[in-house]
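Open the model in your viewer and keep the selection panel at hand. This short tour goes from one stop to the next.

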Amino acid sequence: MTKQRIFSGIQPTGNIHIGNYLGAISQWVKRQDTYDNIFCIVDLHAITVPQDPKVLKTKTRELSGLLLAAGIDPKRSVLFIQSHVCAHSELAWILNCFIPMGWMQRMTQFKEKSQKQKEQVSTGLFDYPALMAADILLYNTDVVPVGDDQKQHVELARDAAQRFNSIYGETFKLPEPVIPEVGARIMGLDDPTQKMSKSETASNHAINLLDSPDVIRAKLMRATTDSLKDIRFDENRPGVYNLLVIYELFSGKKRKEIEAHFAGKGYADLKKEVGEVVVEGLRPLQERYKELTADPTHIDSILSEGANRVRPMAEKTMALVKERVGLG
Ligand code: TYM
């Protein structure tokens, strides 16, 4: 039986944090044997907002190292850089011509990001979901594992595929978003009503995958909680709930067991213990990262091999799409 295909992507911008890890990367790693996997570092998405060219290149290599260190295994999964396969931009243009403006205008992420940037907003930022749809549809993707904030974009990709198929006949497979039951939306430590985000710069907002143990512990000790006392999984108390979810995912323990463990303890104990599970949970990743990045040519060869593996698949889809549309 052939395996179903997973496709997912991540932007090489800012610092990769435990939200990205728990909501997406760790989900990809654990499904590697069950699916046929393609993971993409989406540098073309990154340039929808201003980037320093040198920093972008460095961040792209850093993210590749982090994904490999987190357990993405090039023997079981393809890892590549989006701009290495031209078909992504090419299909995005064609999809642009079929996606109604109104669909794009409904995208909540565009509304949020454009409010922050005001008159600096690029057309690319508005059009971002078309490029994401192209990423997914090029590879006959079945399943797209993402955090909660990307669900709407994956649904747009599915709608775009459906619309194209209804005009031109069966061309694209319809992808399904898969969102983890726990950890789909890790919140900021400084403000647990806001999603933990790479673009947020407040020093106590996120735990980054490469933060040192001392930094991790200090950030957690300063995490916003509330003025209550008992330690329970209660979504109406976002600060404590967020810390407990982080503890749950890093420790692998059940909620009942966790609540019993913290019964009678205070928030200082909770923060300290969350700090320890996060430090221990990230330790192997940080060690592997150091080893892997000692030889950057090794990472570069994995990336170019990855692009070589997916390029023929993408070109096959493009040939069919062009034929359907009457291009060439
Ligand atoms: P990006 O780079 O913002 O985030 C990468 C992945 O991390 C998830 N994530 C979170 N999960 C839980 N809690 C959080 N606080 C949190 N923050 C981020 C995201 O949902 C995502 O799964 N547009 C995408 C990248 C992309 C893509 C694709 C994804 C481009 N093409 C095709 C899937 C398929 C993005 O900017 O993710």
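Select Lys198 and the ligand. An N or O atom in the Lys198 side chain sits 2.5 Å from an oxygen atom of the ligand. Keep in mind that this is a predicted model.

Next, pick Asp135. Its side chain places an N or O atom 2.6 Å from a nitrogen atom of the ligand. Then add Gly147. Here the backbone takes part: one of its N or O atoms lies 2.9 Å from an oxygen atom of the ligand.

How much of the ligand's accessible area does the protein cover? On its own the ligand has 720 Å², and the protein covers 97% of that.

Now show the whole shell. It holds 28 residues around the ligand. Tyr128, Asp135, Asp149, Ile186 and Lys198 come nearest. Colour the shell by class: twelve residues are nonpolar, eleven polar and five charged. Which elements should you highlight as suppliers of at least two shell residues each? Among them are strand S1 (5-10), helix H1 (18-30) and helix H7 (123-137).

Leave the ligand and select two helices, H3 (residues 53-70) and H13 (residues 296-325). Their axes come within 10 Å and cross at roughly 85°. An angle from 65 to 115 degrees counts as roughly perpendicular, so H3 is roughly perpendicular to H13.

Zoom in on the contact. From H3, show Arg61, Ser64, Gly65 and Leu68. From H13, show Ile299, Asp300, Ile302 and Leu303. Colour this contact by class too: four residues are nonpolar, two polar and two charged.

Methods:
Residues are numbered from 1 along each chain as its sequence is written. This is a predicted model: local features need pLDDT of at least 70, side-chain atom pairs count only at pLDDT 80 or more; totals for chains, interfaces and linings use all residues. Side-chain values use heavy atoms; hydrogens and water are left out. A residue is near a molecule or strand if one of its heavy atoms lies within 4 Å of it. A polar contact is a pair of N or O atoms within 3.5 Å; within protein, one must be able to donate a hydrogen and the other to accept it, and residues adjacent in sequence count only if both atoms are side-chain atoms. Accessible areas come from the Shrake-Rupley method with a 1.4 Å probe; for residues, only the protein chains shown count as cover. Helices (H or I, at least four residues) and strands (E, at least two) are DSSP runs, numbered from the N terminus. Ala, Val, Leu, Ile, Met, Phe, Trp, Tyr, Cys and Pro count as nonpolar, Asp, Glu, Lys and Arg as charged, and the others, Gly among them, as polar. Axes are lines fitted to C-alpha atoms, for helices over the stretch in contact, and angles run from 0 to 180 degrees between N-to-C directions. Angles under 35 degrees count as roughly parallel, over 145 as roughly antiparallel, 65 to 115 as roughly perpendicular and the rest as oblique. Contact means heavy atoms within 4.5 Å.
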